[in-house]
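Me: Please take a close look at a single helix in this model. Then place it against the rest of the protein.

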Amino acid sequence: MSDPVFDPAAPPPMELIRFSALSPGPRLLILGAVHGNEPCGPTAIRRAVDDVRGGTIRLLRGAVTFVPVVNAKAFLQNTREGDRNLNRDLHESVIPRDNEERVANLLCPLLRTHDALLDLHSFKSHGEPFVFAGPDNNSGPLEPFALADAEQAFAAALGVDTLLRGWLDTYAAGFPDHPTHGVGTTEYMRYHGGMAVTLECGNHLDPASPEVAYAAIRNALAHFGMSADPVPAPGVTRRIRLTKVFVAEDAGDALVKPWRTFDRVTAGEPVAVRASGEILAAPADGYVIFPNAAPTPGASLFYIAVDE
Ligand SMILES: [Zn+2]
């Protein structure tokens with residue numbers, strides 16, 4: 001049988017693989033390829049699925065749902081997005097207008113019916129893997145939350161050194177006209193009572209990235225007591241919080257050098273210069289995060305984060 005050939009314009013159905021242990025326990029959702037050019041999730045998930053089927057991973061309690069490829073159109077195109085970024089402004093639509101809204105109509109109910117989410121991603125630059133977790137416990141209007149300790153323990157068990165937080169409040173402050181655009185899988189999950197982390201496993205094509213993703217899947221199952229694997233020790237040694245996003249106003253706004261995520265900066269150090277000549281300096285000692293070398297006006301130019 002030959003491999004099926006799919007057309008990105010008529011993507012295949014979303015494949016969901018669910019294993020339910022005979023003893024009750026947490027419902028864990030593991031996602032790959034929310035962004036289509038990030039193959040580490042699909043690779044690691046398919047390996048883990050084979051391992052559960054073959055008994056190498058023994059599921060003792062709860063249920064795990066694997067979605068190897070969330071965004072099939074983007075995956076088939078090997079592009080980050082199909083029609084737009086699925087991980088922004090995530091919501092259901094009665095009348096979906098594009099690929100991502102159709103995917104969201106399948107994804108949102110899935111998120112609502114699980115207790116925890118491991119969302120596997122990778123990035124364009126080269127650098128250390130890291131994990132994104134949510135806010136402190138709070139009852140504020142933006143992202144109320146009550147599971148911060150459990151979520152951060154989950155994040156710390158996955159096997160990476162760096163924990164980054166502060167996404168939605170920083171995004172909403174930087175893009176006050178569009179705070180909902182900061183809502184992706186993890187924010188949606190928290191709103192519906194779950195806990196959720198995004199694991200950035202490394203460079204898109206680094207052969208180490210699927211290994212990071214696979215280890216995280218096994219660690220997640222073990223952390224929640226769902227598998228027979230030993231419970232992993234907390235591995236996070238560095239905790240960083242996003243504090244500010246600088247938004248490009250002109251396509252000529254430019255970084256002063258080819259920054260990489262987690263490069264250190266000192267307070268007052270120039271990070272970028274606007275087309276107008278205005279210097280954008282680091283407001284505090286910390287790190288440059290998500291530097292954008294080719295920003296479009298209105299997009300993020302860079303974020304600043306500080307040690308927690
Ligand atoms: Zn991604």
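Reply: Here is helix H3, followed by the contact between the domains. The model is predicted: local features need pLDDT of at least 70, side-chain atom pairs count only at pLDDT 80 or more, and totals for chains, interfaces and linings use all residues. Residues are numbered from 1 along each chain as its sequence is written.

H3 covers residues 99–112, 14 residues in total. Helices are DSSP runs of H or I with at least four residues, strands are runs of E with at least two, and both are numbered from the N terminus. From first C-alpha to last, H3 reaches 20 Å, close to the 20 Å expected at 1.5 Å a residue. That expected span is 1.5 Å times one less than the number of residues.

H3 bends by about 30 degrees at Asn105. The bend is the angle between axes fitted to the seven residues ending there and the seven starting there. A proline, Pro109, follows within four residues.

Buried residues of H3 are Asn99, Glu100, Val103, Ala104, Leu107 and Leu111. Buried means that 20 or more other C-beta atoms, placed from the backbone, lie within 10 Å of the residue's own. These residues pack against strands S2 (23–32) and S4 (116–123), and against helices H2 (72–77) and H6 (185–191). Contact here means C-beta atoms, placed from the backbone, within 7 Å.

Now the domains. An automatic or database assignment sets the bounds: domain 1 is 17–236 and domain 2 is 240–307. Their C-alpha centres lie 26 Å apart. Twelve residues from domain 1 and twelve from domain 2 make the contact.

Methods: Contact = placed C-beta atoms within 7 Å. Buried ≥ 20, exposed ≤ 12 C-beta atoms within 10 Å, placed from the backbone.
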